[in-house]
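Reader: I'm happier with a pipette than with a model viewer. Could you walk me through how to read one of these folds?

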Amino acid sequence: MSVWIVPLVVIALTQTAVIATSVYLHRTLAHRALAVHPLADLLFRIVLWLTTGQRRQEWVAVHRKHHAFTDREGDPHSPRLLGLWRVQLLNAYYYQREARNRDTIRKFAPDLAEDRLDRAVFSKGIVGPGLGTALLCLLLGIGPGLIAALAHAVLYVVVLAPLINGVGHWRGAQNFTNTAYNSAVLAWVTGGESLHNNHHAEPRAPKFSVRRIEFDPSWLVIRALAAVKLVVVVGPPLRLSADSRAIR
Ligand SMILES: [Zn+2]
Ligand SMILES: [Zn+2]
């Protein structure tokens, strides 16, 4: 087995999880910018269960609360309130703390109550990544499989997700007047999520990039899925306004 296979599998796995999070949990469920076919809905849930084990109602509730209280008291993971490094290193802790708050779930994601599939399969958060790891071990062998699973977990949980929540509200470029920032470079590895200033300007926009130098990888996936009718774009497009050209 080539020494490159493990890093390549890790990159593929992490990018799959990041883009599924962005397209399904974020753009489809949290903001209703997209509508997905029931088959795509099931596929996204399976992929996210195996690669992250996250519960969709919790993810959506925590994220909607972030939009409701952006960078002020009540924001679950603001680097302005907590400091950049605390969000970067402890993002998973702050996420879990908010996700365990039943009031947050009830108030911010009442539309995503657990269904039969959740109760039977997807709410068993630890089983998904456990099964995913077992599949990796079958594919790569036990040692390389465990290394790939661990590297993916570290990249997703302590590198990429915190970069979106931390740096995205700390430093970068701006097209619009809000407290979030864009990083055109990070957007390449975060499924477009690091175009975060653009996202806060119009959360229901399905495509996060507005300038030629900005690239939103998830948008390519959305267009491919839309071409085979698995996704329908429903949110409004994001547009640069006359005054937004002056910012940056
Ligand atoms: Zn934000
Ligand atoms: Zn959002």
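Author: Sure, and let's settle a term before anything else: when I say helix, I mean a DSSP run of H or I with at least four residues, numbered from the N terminus. Keep in mind that this is a predicted model.

Reader: Good, so what sits just after H8, and what is its phi?

Author: That's Gly141, which takes a positive phi of about 100 degrees right after H8. The helix itself covers residues 127-140, 14 residues in total, and spans 20 Å from first C-alpha to last, close to the 20 Å expected at 1.5 Å a residue.

Reader: Which residues of H8 are buried?

Author: A residue is called buried when 20 or more other C-beta atoms lie within 10 Å of its own. In H8 that picks out Gly128, Gly132 and Leu136. Looking down the axis of H8, these buried residues fall within an arc of 75 degrees, so they line one face of the helix. They pack against helix H2 (38-51) and helix H9 (142-165).

Reader: Back to phi for a moment. What sign does it have in most residues that aren't glycine?

Author: Most residues other than glycine have a negative phi. That makes a handy filter when you scan a model. Here Arg32 has a positive phi of about 55 degrees although it is not a glycine. You'll find Arg32 in the loop between helix H1 (5-30) and strand E1 (34-36).

Reader: Is Arg32 exposed or partly exposed?

Author: Partly exposed, because it has 14 C-beta neighbours inside 10 Å. Lys229 is another one to look up: its phi is positive too, about 65 degrees, and it is not a glycine. Lys229 sits in the loop between helix H12 (217-227) and strand E2 (231-233). With 10 other C-beta atoms within 10 Å, Lys229 is exposed.

Reader: Let me zoom out. How many helices and strands does the protein have?

Author: Counting elements gives you a first map: 12 helices and two strands. As for overall spread, the radius of gyration is 18 Å, close to the 18 Å that the globule rule gives for 248 residues, so the protein is as compact as a globular protein of that length. The C-alpha atoms fill a box of roughly 55 × 45 × 40 Å along the principal axes.

Reader: What share of the residues counts as buried?

Author: Of the 248 residues, 42% count as buried. You can also ask how far along the chain the contacts reach. Among contacts between residues at least 6 apart in sequence, 66% join residues at least 24 apart.

Reader: Where should I look for the largest nonpolar core, and which residues have the most contacts inside it?

Author: Start with Ala20, Tyr24, Leu25 and Val60, which have the most contacts inside that 52-residue core. Several elements each supply at least two residues of the core, among them H1, E1, H2, helix H3 (56-68) and H12. H1 gives the largest share, 12 residues.

Reader: Pick one of those. What does Tyr24 touch?

Author: When listing contacts, it helps to skip close sequence neighbours. Leaving out residues up to four places away, Tyr24 touches Leu29, Val36, Phe44 and Leu48. Tyr24 is in helix H1, and it counts as buried, with 24 C-beta neighbours inside 10 Å. With the same neighbours left out, Ala20 touches Phe44, Val47 and Leu48.

Reader: Let's finish on H12. Which of its residues are buried?

Author: Pro217, Ser218, Ile222 and Leu225. They cover an arc of only 140 degrees around the axis, which puts them on the same side of H12. The face turned away from that buried side carries the exposed residues Ala224 and Ala227.

Reader: And what do the buried residues of H12 pack against?

Author: They pack against H1, E1, H2 and E2. Take Pro217 as a single case: it has 20 C-beta neighbours inside 10 Å and counts as buried. Not counting residues up to four places away in sequence, Pro217 touches Ile19, Trp188, Gly191 and Gly192.

Terms used. Residues numbered from 1 in each chain as written. Chains lettered and ligands numbered in written order. Predicted model: local features only at pLDDT ≥ 70, side-chain atom pairs only at ≥ 80, totals over all residues. Expected span 1.5 Å × (residues − 1). Buried ≥ 20, exposed ≤ 12 C-beta atoms within 10 Å, placed from the backbone. Arc of directions from axis to C-beta. Contact = placed C-beta atoms within 7 Å. Rg over C-alpha atoms; globule rule 2.2 N^0.38 Å. Core = buried A, V, L, I, M, F, W, Y, C linked by C-beta atoms within 7 Å.
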